[in-house]
Amino acid sequence: MTETKALLRALAGEVLPTPPIWMMRQAGRYLPEYRETRAQAGDFLSLCYAPDLAAEVTLQPIRRYGFDAAILFADILLLPQALGAKLWFEPGEGPRLDPVTTAEELAALRPTAAIHDTLGPVYDTLQILTRELPAETALIGFAGAPWTVATYMIAGRGTPDQGPAHKLRVEDEATFGGIIERLTEATVEYLSAQVEAGAEVVKLFDSWAGSLEGDSFERWSLAPMREITAALKARHPGLPVIAFPRGAGTRFEGAHEAIGADCIALDDGVTADWAAAHVQPAGCVQGNLASRHMVTGGEALVDETKAIVKAFSKGPHIFNLGHGITPDADPENVALMIETIRGTA
Ligand code: CP3
């Protein structure tokens with residue numbers, strides 16, 4: 001059967017006249033309908049674990065804008081929670097976890113097979129979405145890459161420089177490596193279950209890849225993502241994988257090959273012209289409009305959107321932001337971005 005979903009065609013390497021479009025955090029606080037459903041759920045984690053409501057917020061931006069892909073509504077920190085690390089969100093601040101920094105704490109985590117006891121509702125959300133999404137909309141599952149998830153597990157919270165994780169990596173490599181290994185193994189099982197529940201594409205978010213320097217970038221960002229990608233493709237032949245080593249800079253070049261991914265997601269730390277010349281020859285790229293344009297709008301949004309579409313027009317491209325849309329974004333600017341790309345502006 002010929003593939004009809006534009007996102008899957010781009011991931012297979014096709015050059016389309018108009019790139020497929022979706023946005024990181026497209027279901028989020030900038031949308032009034034999201035805020036309403038989130039209030040109904042009570043809090044963010046309750047929303048993640050309520051399949052009907054999580055499916056509802058996933059569908060909201062699809063109904064409003066007709067994006068080419070829906071991304072499962074969940075969070076990268078549900079996996080460490082499923083492994084036994086206590087997780088909560090401090091209102092107005094962000095995530096908190098019981099830190100894992102010693103061999104004893106690592107050994108006390110639950111076995112990988114037990115993650116499905118906690119994550120069952122996430123798979124239920126995907127099953128609802130496979131029934132409810134329009135036929136042309138692709139369904140993306142996701143997980144955090146081991147390094148990024150480890151930065152939160154080790155610090156017990158988000159950190160500006162990932163200091164605690166770097167410290168453990170240097171001072172107790174055995175425990176640090178053990179955490180990465182546990183996360184790598186569990187991520188394969190988690191994403192594999194997402195695919196069985198209906199995810200057609202998976203994306204690995206390595207949001208803090210850029211803070212790894214020298215050999216440690218290859219060892220702790222690229223290598224675990226490569227291992228996960230290879231294991232998933234062995235189990236699910238043909239499964240497309242998007243990898244996002246955020247902050248990689250010039251190291252985006254070669255990332256397709258190093259990870260074995262079908263698509264490399266770019267942040268806005270590199271220009272589209274540079275990435276078209278250095279990254280896109282190796283395969284599909286995703287990105288990379290600065291998310292501030294969703295706040296500021298106007299001519300700059302239109303000009304920059306057009307420049308990105310043009311720069312990537314000779315190879316496979318999925319249009320996206322360089323990072324998640326922020327809560328202060330104006331929903332009208334999202335519509336303007338989409339109209340500009342689809343040529344109806
Ligand atoms: O993209 C999507 O819409 C899919 C759902 C999704 C969320 N988080 C929902 C969410 C995805 C793919 C993520 C990934 C995620 N979560 C990352 C990697 C991507 C990135 O942004 O760099 C990270 C580092 C996290 C951890 C996390 N979750 C933090 C640090 C925070 C608090 C910061 C914030 O934005 O408030 C979250 C909360 C979170 N995850 C929200 C959403 C919609 C906001 C929750 C709310 O409604 O209050």
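A pocket is here an open set of grid points, on a 1 Å grid over the protein atoms alone, with protein on both sides within 12 Å along at least five of seven lines. The model examined is a predicted one, and in this model the second largest pocket has a volume of about 180 Å³. Its lining is formed by 14 residues, and those that lie nearest the centre of the pocket are Val270, Thr271, Ala272, Glu304 and Ile308. Two or more lining residues come from each of helix 13 (272-278), strand 8 (284-289) and helix 15 (298-311), and of the contributors to this second largest pocket it is helix 15 that gives the most, with four residues. When the lining of the second largest pocket is sorted by class, seven residues are nonpolar, three are polar and four are charged.

Helix 15 itself has 14 residues, and the distance from its first C-alpha to its last is 20 Å, close to the 20 Å expected at 1.5 Å a residue. Its buried residues are Leu301, Val302, Thr305, Ile308, Val309 and Ala311, and these pack against helix 13, strand 8, helix 14 (293-296), strand 9 (317-321) and helix 16. Ile308 therefore appears in two descriptions, being buried under the cut-off of 20% relative accessible area while also lying among the residues nearest the centre of the second largest pocket.

The largest pocket has a volume of about 1,400 Å³. It is lined by 43 residues, of which Arg25, Arg29, Phe44, Asp75 and Phe89 are the closest to its centre. At least two lining residues are supplied by each of helix 2, helix 3, strand 2 (87-90), strand 3 (94-97) and helix 8 (146-155), and the lining as a whole divides into 23 nonpolar, 12 polar and eight charged residues.

Helix 2 and helix 3, which contribute to the lining of the largest pocket, are also among the elements against which the buried residues of helix 4 pack, together with strand 1 (69-71), helix 7 (115-132) and helix 16 (331-342). Helix 4 is mostly covered, since 11 of its 15 residues are buried, including Leu53, Val57, Leu59, Pro61 and Tyr65. Because a helix is expected to advance 1.5 Å a residue, the 15 residues of helix 4 (residues 51-65) should span 21 Å, and the 22 Å that separates its end C-alpha atoms agrees with this value. Helix 4 nevertheless bends by about 25° at Leu59, with a proline, Pro61, following within four residues. Just after helix 4, Gly66 takes a positive phi of about 65°.

Technical notes
Residues are numbered from 1 along each chain as its sequence is written. This is a predicted model: local features need pLDDT of at least 70, side-chain atom pairs count only at pLDDT 80 or more; totals for chains, interfaces and linings use all residues. Side-chain values use heavy atoms; hydrogens and water are left out. The expected span of a helix is 1.5 Å times one less than its number of residues. The bend at a residue is the angle between axes fitted to the seven residues ending there and the seven starting there. Buried means under 20% relative accessible area, exposed over 50%, partly exposed in between (1.4 Å probe, protein chains only). Contact means heavy atoms within 4.5 Å. On a 1 Å grid over the protein atoms alone, a cavity is a set of points where a 1.4 Å probe fits but cannot get out, and a pocket is an open set with protein on both sides within 12 Å along at least five of seven lines; lining residues have an atom within 4 Å of a point. Grid points are joined across faces, edges and corners, and a volume is the space filled by probe spheres set on the points. Ala, Val, Leu, Ile, Met, Phe, Trp, Tyr, Cys and Pro count as nonpolar, Asp, Glu, Lys and Arg as charged, and the others, Gly among them, as polar.
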